[in-house]
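Dear colleague,

Please find the structure below, handed over for your records. A short account of the charged side-chain pairs follows it.

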Amino acid sequence: MKTFTFRYDPTATPKDLFARLKKAVKTGVPDIRKDEVSSNSIHAILSTMSEVRLQLFYTIADHHPASMYSLAQTINRDHANVIRDVKVLEGLGLIKLVSEMDGDRERMRPVALYDRIIFDFGSAGALVKRKRAASV
């Protein structure tokens with residue numbers, strides 16, 4: 001089973017991490033560690049991989065839709081919104097879009113590159129305790 005990990009890393013530099021993540025999403029070229037992305041911001045992780053995008057990823061992985069239109073129908077969402085979120089998933093390196101001809105029309109088929117996604121918040125609780133202790 002191939003797993004992708006979103007990892008909380010309190011020692012990471014925000015400027016570098018956000019720049020890499022932004023570039024990956026914008027260009028569609030993953031600029032992340034193999035099979036994982038790290039951030040020192042839990043908020044950034046959760047806003048990038050929102051519940052809607054997570055549902056979209058698992059729909060692609062489980063249902064293998066034949067096209068973007070089919071994917072939008074499966075999850076009952078607006079096609080344009082699905083395309084936007086699929087581009088984010090592609091930029092993160094979680095899926096790829098495969099171009100296929102359907103008669104005279106080209107269609108893009110989303111393909112999951114992982115079987116599952118996990119969120120590793122490891123020492124998040126310890127960091128909160130340290131910050132509270134330092135402020136006392």
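**Salt bridges in the predicted model**

Arg109 is partly exposed, with 26% relative accessible area. Please note that the model is a predicted one, and that every value in this message is to be read accordingly.

Arg109 pairs with Glu100 in a salt bridge, with a nitrogen-to-oxygen distance of 2.7 Å. Glu100 also forms a salt bridge with Arg107, where the closest N and O atoms lie 3.7 Å apart. Arg107 has a relative accessibility of 30% and therefore counts as partly exposed.

A further set of residues is connected through shared partners: Arg53, Arg77, Arg84 and Asp85 are joined into one network of salt bridges.

In total, the structure holds nine salt bridges. One of them is formed by Arg7 and Glu36, whose closest N and O atoms are 3.0 Å apart. This pair links distant parts of the chain, since Arg7 belongs to strand β1 (residues 3-8) and Glu36 to strand β2 (residues 36-39), with the two positions 29 residues apart in numbering.

How does the solvent accessibility of the two partners turn out: is Glu36 buried or exposed, and into which class does Arg7 fall? Glu36 is buried, because its relative accessible area of 14% is under the 20% limit. Arg7, at 27% relative accessibility, counts as partly exposed, because this value lies between the 20% and 50% limits.

As general background, side chains of opposite charge can pair when their charged atoms come close.

With kind regards

Notes:
Residues numbered from 1 in each chain as written. Predicted model: local features only at pLDDT ≥ 70, side-chain atom pairs only at ≥ 80, totals over all residues. Heavy atoms only, no water. Salt bridge = Lys/Arg side-chain N within 4 Å of Asp/Glu carboxyl O. Helix = DSSP H or I, 4+ residues; strand = E, 2+ residues; numbered from the N terminus. Buried < 20%, exposed > 50% of the residue type's maximum accessible area, 1.4 Å probe, protein only.
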